[in-house]
Amino acid sequence: MKNENKNGCMWYDTDGNPIQAHAGMILCHKDTYYWYGQNMGGETDRRDTGLHRVDFIGFSCYSSTDCVHWKNEGLVLSACSEPGHPLHPDRVGERPKVLYNEQTRKFVLWFHLDSSDYFTAHAGVAVADSPTGPFRFIREISPNGYDCRDMTLFRDTDGKAYLIYSSDWNKTLRIAQLTDDFLDVNGVFSHAFPEQEREAPAIFTKNGVYYMITSGCTGWDPNNALFGTSKNIFSGWKLIGDPCTGENARQTYFGQSTYIFEKDGVHYLMLDHWKPDDLQMSGYSILPIQTEKGHLTIAFQEYTDL
Ligand code: GAL
């Protein structure tokens, strides 16, 4: 079905309101798609330090049966105004990612949890019984003792799950295996792309090869995406090149990667198109990824068939 929302622009839900699900992901569960993301529907605070931010509001969920029409399911994890609370509005909560755990039958949410100056660099974990929440916040951690900023979750074909996060002040990506219940890291971890300063990781696997698309580190400003591949989740990662082709490829079409999901055998890359002066109006793209002989290519198109 042709998407009625135009790539690179703000997208609207079935009520006609702007979708507030930035730096998000799409989870397919029992024939329904759930889009989780940052709700940035507040004023952008432009700080003297150059940092543009919106107070933490929480994470939204939208549901859809076709991946085209999105119904607002509301906030599934909300900020808490209690002074000193880990989810206080003056903190940063970014890049929410959800996995379903078949053993516990729980939905587990991980996200980047930080202080407003981004110096704390932790991960947050929350859990829910239903895909539309509510999620219960359970912990704030430094995964395996390392700083954690941009991150994603990845569930491998064998059921094992991983947290992949920008670490060492964004110099290196770390790959940490989760416990069987997905609620913590289990101490088995490795890294990818040391000293390459990659962030916004999005990963998938096909025919025994892992592919990871990342952005460079330029805050809300676009830069060029790079993909890397490996035959092993923990080792052997090599940066290959820019998957984007055509006009504005070097700026990832003015977007930044956030997640790769699969629908009907096709992998799609989700992008955020940040508007640093009014972050709540940041747009989205969903673009198909072509995989051929270990190489990825992505082309921009205004409306994607999903
Ligand atoms: C980007 C990052 C975003 C957000 C932003 C803040 O580099 O990918 O998720 O943290 O910086 O400036």
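This passage describes the two largest pockets of a predicted model and the ligand found in one of them.

It is convenient to begin with the largest pocket, which holds about 600 Å³ of space. Its lining is made up of 24 residues, and those nearest the centre are Leu99, Phe154, Arg155, Tyr259 and Glu262. Strands S1 (22-29), S7 (92-101), S11 (151-155), S15 (199-206) and S20 (256-263) each contribute at least two residues to this lining. The most generous of these is S1, with five residues. Sorted by class, the lining of the largest pocket contains 15 nonpolar, five polar and four charged residues.

The second largest pocket encloses about 510 Å³ and is lined by 23 residues. Nearest its centre lie Leu51, Tyr118, Glu199, Gly219 and Trp220. Here the lining comprises eight nonpolar, nine polar and six charged residues.

It is this second largest pocket that houses the ligand. Around the ligand stand Glu94, Arg95, Tyr118, Asp150, Glu199, Gly219, Trp220 and Gln256, a shell of two nonpolar, two polar and four charged residues. Two acidic side chains and one backbone deserve a closer look. In Glu199, a side-chain N or O atom lies 2.3 Å from an oxygen atom of the ligand, while for Asp150 the distance from a polar side-chain atom to a ligand oxygen is 2.6 Å. Gly219 takes part through its backbone, where a polar atom is 3.4 Å from an oxygen atom of the ligand. On its own, the ligand has 310 Å² of accessible area, and the protein covers 90% of that.

Conventions. Residues numbered from 1 in each chain as written. Predicted model: local features only at pLDDT ≥ 70, side-chain atom pairs only at ≥ 80, totals over all residues. Heavy atoms only, no water. 1 Å grid on protein atoms, 1.4 Å probe; cavity = no way out; pocket = protein on both sides within 12 Å on 5 of 7 lines; lining within 4 Å. Points joined across faces, edges and corners; volume = space filled by probe spheres on them. Helix = DSSP H or I, 4+ residues; strand = E, 2+ residues; numbered from the N terminus. Nonpolar A, V, L, I, M, F, W, Y, C, P; charged D, E, K, R; others polar. Near = heavy atom within 4 Å. Polar contact = N/O pair within 3.5 Å; in protein donor to acceptor, adjacent residues only side chain to side chain. Areas by Shrake-Rupley, 256 points an atom, 1.4 Å probe, with all protein chains shown as cover. Sits in = over half its atoms within 2 Å of the grid points.
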